[in-house]
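Work through the exercises below with the sequence and the structure at hand. Each task is followed by a solution in steps.

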Amino acid sequence: MAGNGGRRGAIRRTKKGATTGSGGVRRRALEGKGPTPKATDRPGHKSYAGAKRPGGKTKGPKVPGADQVAGRNSVLEALREDVPATSLSVMVRLDVDDRVREILRLAAARNLPVQEVTRTDLDRITDHAVHQGVSLTIPPYEYADLDELLGIARDAFAAPLLIALDGITDPRNLGAILRSAGAFGAHGVILPERRSVSMTASVWKVAAGAAGRVRVAQVTNLNRAISELKQEGLFALGLDADGDVSTRDMTLAAEPVVLVVGAEGKGLSRLARELCDQVVSIPTASTTESLNASVAAAIALYEVAGARAAAGRR
């Protein structure tokens with residue numbers, strides 16, 4: 001037998017015994033779960049954090065959980081309400097119950113990509129929310145502009161009724177305001193880009209179907225947007241606990257209106273208040289400090305809707 005001639009670094013051959021296969025278990029586990037998601041929709045991919053907004057504008061680093069609806073009940077409700085989604089994440093070796101079966105059925109009906117991920121991955125992408133093994137990824141929201149909101153009112157042959165949110169940071173407040181906006185005929189909601197809540201998965205969850213029916217615009221400067229709307233013939237009605245008149249005594253409700261809602265506790269900012277043609281308050285018992293922003297907005301919208309209905313009967 002020939003030797004290696006003393007050469008160092010000769011290849012060392014080893015025998016490898018037979019390995020046990022999966023028996024097709026893994027392949028079968030992934031069958032019927034739809035196409036593989038795009039790289040920008042896969043939480044573990046490097047492209048996920050640098051996804052681009054529609055229109056080519058690059059989005060900054062993702063806030064963990066901001067684009068995720070987590071939890072079996074929440075995901076099921078979102079799919080039933082036809083909330084826009086790009087993929088469904090399901091934890092490996094998940095205990096399947098009736099809710100999970102229905103989630104998978106609805107995802108398949110919408111041809112949503114389904115990906116199996118570890119608990120660690122789900123914890124990370126949902127920002128450690130109670131996900132119960134499932135999470136739904138929603139796409140970046142495509143914001144409207146002011147002209148589109150005015151166009152919605154124009155197409156409905158109605159006096160514009162818009163809602164501008166001044167310093168609202170709680171997504172639950174925005175979600176509830178969207179539901180009230182849909183219930184009382186508002187044509188859109190306006191948010192500033194900075195120091196404000198934005199359209200996240202949490203908002204979709206609270207708003208349910210209303211987020212798909214009521215358009216939201218995002219502006220660089222809210223006070224400038226209010227000024228532009230006033231130039232278009234709208235009156236600015238500020239909602240504040242220290243208002244000049246009661247919501248029951250509003251004289252401009254039937255006119256084209258942008259209702260400016262301030263944050264709970266802080267109220268309207270000084271500049272926003274100065275831009276308002278009228279500042280109104282909601283009559284409350286003296287023992288009540290302040291109303292939640294979404295509750296106050298709902299009451300004011302109800303009063304505006306009532307005033308408009310009464311004007312239409314005259």
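**Exercise 1.** Classify Gln-132 as buried, partly exposed or exposed from its relative accessibility, then place the residue and examine its phi.

Solution. The model is a predicted one. The relative accessibility of Gln-132 is 36%. Buried requires under 20% and exposed over 50%, so Gln-132 counts as partly exposed. The residue sits in the loop between helix H4 (119-125) and strand S4 (134-137). Its phi is positive, about 55 degrees, although Gln-132 is not a glycine. Most residues other than glycine have a negative phi.

**Exercise 2.** Do the same for Arg-195: where does it lie, and is it buried or exposed?

Solution. Arg-195 belongs to the loop between strand S6 (188-192) and helix H7 (201-207). With 67% relative accessibility, Arg-195 counts as exposed, because the cut-off is over 50%. Its phi, near 50 degrees, is positive in a residue other than glycine.

**Exercise 3.** Find the loop that holds Asp-240 and the side chain with which Asp-240 makes a polar contact.

Solution. Asp-240 is in the loop between strand S8 (235-239) and strand S9 (245-246). Its relative accessible area is 10%; this is under 20%, so Asp-240 is buried. The side chain of Asp-240 makes a polar contact with the side chain of Arg-273, at 3.4 Å.

**Exercise 4.** Which residues form the negative surface patch that includes Glu-228?

Solution. Glu-228 lies in helix H9 (residues 222-231). With a relative accessible area of 38%, Glu-228 is partly exposed, and patch members need over 30%. The patch is formed by Glu-228 together with Asp-145, Asp-147 and Glu-232.

Key:
Residues are numbered from 1 along each chain as its sequence is written. This is a predicted model: local features need pLDDT of at least 70, side-chain atom pairs count only at pLDDT 80 or more; totals for chains, interfaces and linings use all residues. Side-chain values use heavy atoms; hydrogens and water are left out. Patches are made of residues with over 30% relative accessible area and no salt bridge: like charges are joined within 9 Å, nonpolar side chains (Val, Leu, Ile, Met, Phe, Trp, Tyr) within 5 Å. Accessible areas come from the Shrake-Rupley method with a 1.4 Å probe; for residues, only the protein chains shown count as cover. A salt bridge is a side-chain nitrogen of Lys or Arg within 4 Å of a carboxyl oxygen of Asp or Glu. Lys and Arg count as positive and Asp and Glu as negative; His and the chain ends are not counted. The place of a charge is taken as NZ of Lys, CZ of Arg, CG of Asp or CD of Glu. Helices (H or I, at least four residues) and strands (E, at least two) are DSSP runs, numbered from the N terminus. Buried means under 20% relative accessible area, exposed over 50%, partly exposed in between (1.4 Å probe, protein chains only). A polar contact is a pair of N or O atoms within 3.5 Å; within protein, one must be able to donate a hydrogen and the other to accept it, and residues adjacent in sequence count only if both atoms are side-chain atoms.
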